[in-house]
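Colleague: I've got a structure open and I'd like to learn how to read it. Can you walk me through it?

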Amino acid sequence: MNPHSSSVLVIGGGVFGCAIAYELAKRGLQPTLIEQDDFSAHASSKNPGNLNPIHGAPPALIPLALKSFALHRTLAAELAALGCVDYDLQPVRRLLLAFDDAEQMHLQEAARSFAGRDGFATADLDSTGARKLDARLSEHIHSALLVEGNMSVNSRLFHQALADGAVKLGATIVRDRVTEVLGEHGRVKGVRTTSGTFACDAAVFATGPWVGKIREWLGFDLPITPIKGEMVRIRLPGQALQFDFTHGMTSLYRRGKDECWIGVTKEDAGFDEQPSTTGRNRLLNAAARIMTAVDGAEVLEQIASLRPMSPDGMPMVGPIPGWENCYVANGGGIKGMLLCTGVGVAIAETISSGSTEIPIQKITH
Ligand SMILES: Cc1cc2nc3c(=O)[nH]c(=O)nc-3n(C[C@H](O)[C@H](O)[C@H](O)COP(=O)(O)OP(=O)(O)OC[C@H]3O[C@@H](n4cnc5c(N)ncnc54)[C@H](O)[C@@H]3O)c2cc1C
């Protein structure tokens, strides 16, 4: 099976695959990561990079989300020590906004979810209090919840730093597409790609929404669907945002000196990753409701990518039933940037020592 040979193959170079390659390399396993496209092509480099372990997480996800959140600090220190690019890990203050009494009830629910969580704090604000924080906020805002304790990263730079860190520790990254899995009797021996074959002792499938082939290769059905999300980057007139603002699904994320991202849409559109006029208008209109200044803003960029969604919002991470040396890491959904740190450690520990302390759910048929 020459010329390529490696102990562990990681298939897919999104943040899940890169985090796994990094953690394997840290444990001396010298993995080979195979990615078919440019690193910046898909969701892992095209998202606002929010690290929110509580808000929007299903209750069953919170233990893994909090562990992953803590691991982000450790990872940032490690990647900085390796000389990887600074990816702007920083604290976030976010205002959740309500326009009426019914929406305010949701803010109260959100406040309860943070109660008693170390490192997080919330404060109720009325309309005047919210507009004191940024006078550009709509005068129709009824109330707000200030949430402190979350963090954010520049997703593209984080993804790049993670891949570079893995290589610096001994991983190899190959630009190629896996077309077939070579295995028998419940054991993977290697993979075929468009340019050759790679032997392995173990294989990890971190292919994001592209799971159709896994069914074919391993006879294992991963219930992951692509959910399209769009975002628009704008230059906002006036001073830089000091807070992130969220109303329902629409947010303004402060990034850089005078720019911000508006996100997000959620759409079942198959594998379509093209930005759309409908998506752009929907985002700009919804954001202008939060802050009218958005109407006069210069649009700098629009992006679209696919979230790998599981039916219950829980990631699917661990050994693939029926295969003794095969693992899956998928289903990051809306929280994949956050979860990749925990997922990376969980898979690397499972491969290197047979078990993990990371709170992941066992995958069953
Ligand atoms: C609009 C939007 C906003 C988001 N916001 C946030 C956020 O604020 N916070 C957060 O935590 N998460 C967020 N997410 C979710 C997060 O981006 C994803 O969960 C995460 O990027 C998924 O990572 P992944 O590595 O599983 O998949 P991907 O990034 O899709 O990577 C999978 C990779 O596998 C490769 N691949 C597939 N098949 C093969 C093959 N046969 N051979 C070789 N390579 C292959 C693909 O080319 C791809 O690069 C957001 C997502 C979207 C779309």
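Colleague: Let's start small. Where is glutamine 30 found?

Modeller: Keep in mind that this is a predicted model. Glutamine 30 sits in the loop between helix 1 and strand 3.

Colleague: How many C-beta neighbours does glutamine 30 have inside 10 Å, and what does it count as?

Modeller: The idea is to count neighbours: 20 or more means buried, 12 or fewer means exposed, and anything in between is partly exposed. Glutamine 30 has 15 C-beta neighbours inside 10 Å, so it counts as partly exposed. Also look at alanine 166: it is 136 residues from glutamine 30 in sequence, yet their C-alpha atoms are 8.9 Å apart in space.

Colleague: Now the ligand. Which residues are the closest to it?

Modeller: Gly14, Gly208, Gly229, Gly332 and Gly336 are the closest, out of 41 residues that surround the ligand. By class, the shell has 16 nonpolar, 19 polar and six charged residues. Among the elements that each supply at least two shell residues are helix 1 (15-26), strand 3 (32-35) and helix 8 (336-353).

Colleague: Where does the ligand lie with respect to domain 1 and domain 2?

Modeller: Check who contributes to the shell. Domain 1 (4-83 + 155-224 + 313-353) and domain 2 (90-152 + 225-309) both give residues to it, so the ligand lies between them.

Colleague: Helix 8 came up there. What span should its 18 residues have?

Modeller: You work with a rise of 1.5 Å a residue, which gives 26 Å for helix 8; its end C-alpha atoms are 24 Å apart, and that agrees. There is still a kink of about 30° in helix 8, centred on glycine 342.

Colleague: Is helix 8 largely enclosed or largely open?

Modeller: Enclosed: 14 of the 18 residues of helix 8 are buried, so the rest of the structure largely encloses it. Right after helix 8 comes glycine 354, with a positive phi near 90°.

Colleague: On to strands. Which residues of strand 19 lie on one side and which on the other?

Modeller: Here's the general idea first. Side chains in a regular strand alternate between the two faces of the sheet. In strand 19, Cys326, Val328 and Asn330 are on one side, with Tyr327 and Ala329 on the other, and all of these are buried.

Colleague: In which sense does strand 19 pair with strand 12, and with strand 18?

Modeller: Strand 12 (residues 202-205) pairs with strand 19 in the parallel sense over three bridges, and cysteine 326 is the bridge partner of alanine 203. Strand 18 (residues 316-319) runs antiparallel to strand 19, joined by four bridges. There, proline 319 stands opposite tyrosine 327. Strands 18 and 19 form a hairpin with six residues between them, and glycine 322 in the turn has a positive phi of about 90°.

Colleague: Which residue other than glycine has a positive phi near 65°?

Modeller: That's aspartate 88, in the loop between helix 2 (62-81) and strand 5 (90-98). Histidine 185 has a positive phi of about 50°, though it is not a glycine either. Histidine 185 is in the loop between strand 9 (178-184) and strand 10 (187-193). With 7 C-beta neighbours inside 10 Å, histidine 185 counts as exposed.

Colleague: One last backbone angle: where is the peptide bond with omega near -15°?

Modeller: Omega tells you cis from trans. The bond from glycine 263 to valine 264 is cis, with that value near -15°. Valine 264 is in the loop between strand 16 (259-263) and helix 7 (277-290).

Conventions:
Residues are numbered from 1 along each chain as its sequence is written. This is a predicted model: local features need pLDDT of at least 70, side-chain atom pairs count only at pLDDT 80 or more; totals for chains, interfaces and linings use all residues. A residue is near a molecule or strand if its C-beta atom, placed from the backbone, lies within 6 Å of it. Ala, Val, Leu, Ile, Met, Phe, Trp, Tyr, Cys and Pro count as nonpolar, Asp, Glu, Lys and Arg as charged, and the others, Gly among them, as polar. Domain bounds come from an automatic or database domain assignment. The expected span of a helix is 1.5 Å times one less than its number of residues. The bend at a residue is the angle between axes fitted to the seven residues ending there and the seven starting there. Two strands pair if DSSP finds at least two bridges between them.
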